[in-house]
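Hi,

Here is the structure I promised to pass on. Please open it first, then read my notes below.

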Amino acid sequence: MTLYFLIKYLHVLGATVILGTGTGIAFFMLMAHRSRDPAFIARTAAVVVIADMLFTLTAVLLQPVTGWLLMLLSATGLSERWLVTSLGLYAVAGLFWVPVVFMQIEMRDLARTANARREPLPQRYSALFRRWFLFGIPGFGSVMIILWLMIAKPQF
């Protein structure tokens, strides 16, 4: 096994973790939201926040490191438009992902409070969920496009 192969494996693994965790988080948050049960939403959001910090954040930090090493080992430079486009989309994904984490924390806390008080979810929760959902579209969409660019490396 070469160093290049090992780094490439870690890079692809990181991309897989980002996509898999993102998909799982979206699914579980959506299912919890649909239940309208504050206790279920609070528990789900609590696990989602942990998963985002443990898996997504780790992979997000790993990607630029392994990507940079792959650039060095393969003599790929920033003159490659697919790479520059990927880096731009990575920034877009990050700009949408960071606020989503804070939204998840606030949704968790609002659901916990509603559950403790035996009240329905407040309007703030619904507004946050809509924003969380909408932020997921460009955030997750950017990651999907980056994956395609990594594989196809189009010459445009």
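Start with the nonpolar surface patch: helices α1 (3-35) and α2 (38-74) each supply at least two of its residues. Keep in mind that this is a predicted model.

Helix α1 gives the most to the nonpolar patch, with six residues. The full membership is Met1, Leu3, Tyr4, Phe5, Leu6, Tyr9, Leu13, Trp68, Leu72 and Leu73. Together these residues make a patch of about 1,100 Å².

Take Leu72 as one example. Leu72 sits in helix α2. Is Leu72 buried or exposed? Its relative accessibility is 52%, and exposed means over 50%, so Leu72 counts as exposed.

Now the overall fold. The protein has four helices and zero strands. Along the sequence, the pattern reads α-α-α-α. The C-alpha trace spans about 60 × 30 × 20 Å along its principal axes.

On packing: the protein has 156 residues, and 37% of them are buried. Among contacts with a separation of 6 or more, 77% are between residues 24 or more positions apart.

On the surface: the accessible area of the protein comes to about 9,200 Å². Carbon and sulfur atoms account for 73% of that area.

Last, the charges. There are 13 positive and 6 negative side chains in the protein. The centres of these two sets lie 3 Å apart.

Best wishes

Key
Residues are numbered from 1 along each chain as its sequence is written. This is a predicted model: local features need pLDDT of at least 70, side-chain atom pairs count only at pLDDT 80 or more; totals for chains, interfaces and linings use all residues. Side-chain values use heavy atoms; hydrogens and water are left out. Patches are made of residues with over 30% relative accessible area and no salt bridge: like charges are joined within 9 Å, nonpolar side chains (Val, Leu, Ile, Met, Phe, Trp, Tyr) within 5 Å. Accessible areas come from the Shrake-Rupley method with a 1.4 Å probe; for residues, only the protein chains shown count as cover. A salt bridge is a side-chain nitrogen of Lys or Arg within 4 Å of a carboxyl oxygen of Asp or Glu. Buried means under 20% relative accessible area, exposed over 50%, partly exposed in between (1.4 Å probe, protein chains only). Contact means heavy atoms within 4.5 Å. Lys and Arg count as positive and Asp and Glu as negative; His and the chain ends are not counted. The place of a charge is taken as NZ of Lys, CZ of Arg, CG of Asp or CD of Glu.
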